[in-house]
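Please look over the sequence and the model below before reading the notes that go with them.

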Amino acid sequence: MEQNLNEFELLRRESLTKLRELGIEPYPAPLYPVNETSASIKEKFNPEKPDELSNVCIAGRIMSRRIMGAASFIELQDETGRMQVYVKRDEICPDEDKTMYNTVFKKLLDIGDIIGIKGFAFVTQTGQLSVHAKELTLLSKSLKVLPIVKEKDGEVFDAFADPELKYRQRYVDLIVNPQVRQTFIQRSQIISTMREYFNEAGCLEVETPILQGIPGGATARPFITHHNALDIPLYLRIANELYLKRLIVGGYSGVYEFAKDFRNEGMDKTHNPEFTCMEIYVAYKDYFWMMEFVEKMLEKIALRLHGTTVVTIGENQVDFKAGYRRLPILEAIKEYAGVDVKGMSQEELVETCKKLNVPFDKSMGVGKLIDAIFGEYCEKNLVQPTFVTDYPVEMSPLTKRHRNDPTLTERFELFVCGKELANAYSELNDPIDQLERFEEQASLKAGGDDEAMYIDMDFVNALEYGMPPTSGLGMGIDRLTMFMTNSPTIQDVLFFPQMRPKNI
């Protein structure tokens, strides 16, 4: 395939050819004996004992350089930061042949090239910690021109900031915007903290199928594919809930999974069709226990990342310290919308939506109509972490009925800054009730609700063997990362968000 190369890209390819003509391989064998990073040098260097870093070997990308005759400075960037390197002609070219410096270094190397440096750490006359190069090795020639991000007096110039370009070329974004790398480091820390917390609680990490014969565990529109050998349709999972609960039936007391889920729905600042969800199920627990479990986990994550439970999210200071408000959903609607919807029929809810100017359509059942009112009037008011509890049965087809009111369920959703962060139940373990709920969902699907659940008879069969009382939780890792890193869009916390194809 032909490439449309600009003037600078053509020059770099000419440099590539000249390097090879000089006998220098621009993409040598991968082994290079790195023994320090820019961060480790800064941490270890003792001006009173400079000899302790007399045999430094680092590697990274050239981000800037100042050529000054027989001596030059370059700024080298590795995963941990940047380090100034002092390059002197007679040091890297101790013999009479000065080609490595005069031709290779000064003319054929470019910003963006990856090089290796062997030398020693020292402090320049201006007081800047640097590495004095004794040997320079080209490790990878860059054929594209990096955008140069400049900073002066705290102000950034020429930043690689266009979202369309950032998300399509994340690799460039990571090179030139170090704060982006930090976001993904924190994402990893969030997941590792959760794993530690679950493992300490005695739960087992497991894996369940991504390709499923029935897309269960949530109300969502699935992606459909076809298995050629079996000649059957398969679905990318929308949730892993029903498989994890099968494992509870099988005798595990606690299981969890960080799952890639897929939902064939719209895309916006908080939704991507492929996303990461953590689900955990613990036997002999209920949703009250799970609330406390979640509070302590989020407090632990905030402390791990920020050293405090107070986290900046947009314009809000959100406190994740355990002890969140508990607000029944019908009470929330009464408080924020000014109506009591308890016990209303579908027809009454339709009239209420009309009075409140809440958008709806004729395929919506009782559950979705209540959810629409809640979404329009209540969610935006829930800034500090709030457990919204006790959802009507129609809204919760996989949830145990409330012990004090059979028209409600033992369910909570956690809201932060007006967005749902987690969904949890005392799990429904009555197989007869579960089948009736599935059948109600099937009726909704027949009525035009393409997000309603399918009937999963194998799951009903599993429940008939007996599932112990269980509490389950689902939490979106992408949204949690958005909150904990103060990122405004889900695209900022996904390395490679879904984008419409476009030629590079």
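The notes below cover a small set of strands and a charged surface patch. This is a predicted model, in which local features need pLDDT of at least 70 and side-chain atom pairs count only at pLDDT 80 or more, while totals for chains, interfaces and linings use all residues. Residues are numbered from 1 along each chain as its sequence is written, and side-chain values use heavy atoms, with hydrogens and water left out.

**Strands**

- Three strands form an open sheet in the order β9-β11-β10 with antiparallel pairing, where strands are DSSP runs (E, at least two residues) numbered from the N terminus and two strands pair if DSSP finds at least two bridges between them.
- The edge strands, each pairing on one side only, are β9 (211-212) and β10 (223-227).
- Strand β11 (residues 232-236) pairs with β9 over 2 bridges, and Gln 212 stands opposite Tyr 235 of β11.
- β10 is joined to β11 by 5 antiparallel bridges, and Ile 224 stands opposite Tyr 235.
- A hairpin is formed by β10 and β11 with 4 residues between them, and Asp 231 in the turn has a positive phi of about 55°.

**Charged patch**

- Glu 394, Asp 430, Glu 436, Glu 439 and Glu 440 gather in a negatively charged surface patch, made of residues with over 30% relative accessible area and no salt bridge, like charges being joined within 9 Å; a salt bridge would put a Lys or Arg side-chain nitrogen within 4 Å of an Asp or Glu carboxyl oxygen.
- Glu 440 lies in helix α13 (residues 431-446), a helix being a DSSP run (H or I) of at least four residues.
- Glu 440 counts as partly exposed because its relative accessibility is 47%, between the limits of under 20% for buried and over 50% for exposed (1.4 Å probe, protein chains only).

Terms used. Patch = residues over 30% accessible without salt bridge, like charges linked within 9 Å, V, L, I, M, F, W, Y side chains within 5 Å. Areas by Shrake-Rupley, 256 points an atom, 1.4 Å probe, with all protein chains shown as cover. Lys, Arg positive; Asp, Glu negative; His and termini not counted. Charge placed at Lys NZ, Arg CZ, Asp CG, Glu CD.
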